[in-house]
Amino acid sequence: MIVKMQKSATLENYESLVKFLKDKGFEVKDVSSENVRIFGVIGDTASIEPRDLYAFEGVSEVIRIQTPFKKASRSFNPNDTIIKINDKIEIGGNQTIVMAGPCSVESYEQLKTIAESVKASGANILRGGAFKPRTSPYSFQGLGIEGLKLLRQVADELDMAVVSEIPSVDMLDVFEQYVDIIQVGARNMQNFHLLKALGTSNKPILLKRGLSSTIEEWLMSAEYILNGGNENVILCERGIRTFETFTRNTLDISSVLAIKELSHLPIIIDPSHAAGRWQMIEKLSLASLAVGADGLIIEVHHKPEEALSDGAQSLKPEKFTHLMNELITMSKVLGKVIG
Ligand code: PEP
Ligand code: MN
């Protein structure tokens, strides 16, 4: 971290800041010139918030050099993290992971029909919401624990793994019982209380990017989970809020490249919530793989017009099969296999 003092700063201003930093265990390296007083703060500066130093009189500028996240950073672990879900599925390695299923679990028949079709097309992870975060309290809220039980039952019948979104900390025990991957929804990305609790879980966590979160904020949320001791975090880009209204969100495809540079964690893309339109899913999925994503999470419904949530962005099974065939071809080109 570099600190530049104002021209008008007094020696006392400088000395009191240096004392504060030294008392905290940092080394201070002065590199002042005749015209400007400037110094480097050396040590583990992740614990300092640059803004806080402006509380000291005479501070002109504070610049962070190190990233504020440590365990999530590429420098902490230069090798890609590979997360093993079961004997068949590894996320972050040589497989292109496809998670697919309905937005919401609606009934056994609905879930089984969709799960059978996505499994037959090559997806090994079943997605489905049981606790739905809806903008309106009058919209379908999900089947709750009953939905989780259906996910587990259908996944076991088809030899699939399950991913589902946790609504709150009090549900952690139940989620650990029924799902293989715990999803943190975009709206909960900065629910730090929840993130801390997930840090103690032995289940992999799928951490969605918040609606208006920067990449740094997203990685800081991952840091909460890693810092709690859970090393299995999968990031999920699901589009961010912009001024554009044609699509539901704007898919920030470059975040894959940013994450690959900054972090060792795997990243998948959710084109369904990004675009909000089923017509765009295939091309966005191919683009996701081309840019280096480790996988995809895609909404599928056999009767999208009757879906209780997100029908407009759900692919019909035959469209999903077509997409999977494209993904298989593309994966081969990339030297990967569909997992
Ligand atoms: C979902 O995956 O069903 C969902 C609600 O996604 P997001 O949190 O990205 O909006
Ligand atoms: Mn949805």
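## Salt bridges

The count of salt bridges in this predicted model comes to 17. Side chains of opposite charge can pair when their charged atoms come close. Asp44 and Lys70 are one such pair, with N and O at 2.7 Å. Asp44 belongs to the loop between strand 3 and helix 2 (50-53), and Lys70 to the loop between strand 4 (59-63) and strand 5 (83-84), so this salt bridge ties together parts that are 26 residues apart in sequence. Asp44 is partly exposed at 40% relative accessibility, and Lys70 is also partly exposed, at 36%.

A salt bridge also joins Lys208 to Asp270, where the closest N and O atoms are 2.6 Å apart. Lys208 is in strand 11 (residues 205-208), while Asp270 is in the loop between strand 13 (267-269) and helix 9; the pair therefore ties together parts that are 62 residues apart in sequence. Both ends are on the buried side of the 20% cut-off: Lys208 has a relative accessible area of 4%, and Asp270 has 1%. Arg74 and Asp80 form a further salt bridge, with 2.8 Å between the closest N and O atoms. Asp80 counts as partly exposed, at 41% relative accessibility. Arg152, Asp156 and Asp180 are joined in a network of salt bridges.

## Manganese site

The manganese ion (ligand 2) has four kinds of residue around it in the list of protein donors: Cys103 through SG, His273 through NE2, Glu299 through OE and Asp310 through OD. These donors lie 2.0 to 2.4 Å from the ion. Their spacing along the sequence is C-x169-H-x25-E-x10-D.

Cys103 is placed in the loop between strand 7 (95-101) and helix 3 (108-121), and His273 in helix 9 (residues 271-275), so this pair of donors ties together parts that are 170 residues apart in sequence. Cys103 and His273 are both buried.

## Aromatic pairs and charges over rings

The structure contains 4 aromatic pairs. One of them is formed by Tyr14 and Phe39, which meet edge-to-face with 5.6 Å between ring centres and 75° between the planes. Tyr14 is in helix 1 (residues 11-23) and Phe39 is in strand 3 (residues 38-42), so that the pair links parts of the chain 25 residues apart. Tyr14 is buried at a relative accessible area of 12%, and Phe39 is buried at 0%.

Phe192 and Tyr224 make a stacked pair, because their planes are at 25°, with ring centres 4.7 Å apart. This pair too links distant parts of the chain: Phe192 is in helix 6 (residues 192-198) and Tyr224 in helix 7 (residues 215-227), 32 residues apart. Phe192 is partly exposed, with a relative accessible area of 31%, and Tyr224 is partly exposed with 31% as well.

Charged side chains also lie over rings. The charged end of Arg37 is placed over the ring of Tyr14, 4.2 Å from the ring centre. Arg277 lies over the face of Phe246, with 3.8 Å to the centre of the ring.

## Nonpolar core

In soluble globular proteins, nonpolar side chains tend to be buried together. The largest nonpolar core here has 66 residues. Within this core, Leu148, Leu207, Leu235 and Phe320 touch the most other members.

Leu207 can be followed through its contacts. Leaving out residues up to four places away in sequence, Leu207 touches Val184, Met189, Leu195, Trp218, Ser221, Ala222, Ile225, Val233, Ile234, Leu235 and Cys236. Among these contacts is Leu235, itself one of the core residues that touch the most other members. Lys208, which follows in the numbering, is buried with a relative accessible area of 4%.

## Overall chain

The protein chain holds 11 helices and 15 strands. Its C-alpha atoms fill a box of roughly 75 × 45 × 40 Å along the principal axes. Of the 339 residues in the chain, 53% are buried. Among contacts with a separation of 6 or more, 67% are between residues 24 or more positions apart.

How values were computed: Residues numbered from 1 in each chain as written. Chains lettered and ligands numbered in written order. Predicted model: local features only at pLDDT ≥ 70, side-chain atom pairs only at ≥ 80, totals over all residues. Heavy atoms only, no water. Core = buried A, V, L, I, M, F, W, Y, C linked by side-chain atoms within 4.5 Å. Buried < 20%, exposed > 50% of the residue type's maximum accessible area, 1.4 Å probe, protein only. Contact = heavy atoms within 4.5 Å. Phe/Tyr/Trp six-rings, centres within 6.5 Å; stacked < 30°, edge-to-face > 60°. Helix = DSSP H or I, 4+ residues; strand = E, 2+ residues; numbered from the N terminus. Lys NZ or Arg CZ within 6 Å of the ring centre and 35° of its normal. Donors = N, O, S within 2.8 Å, 3.2 Å for Na, K, Ca; no water. Salt bridge = Lys/Arg side-chain N within 4 Å of Asp/Glu carboxyl O.
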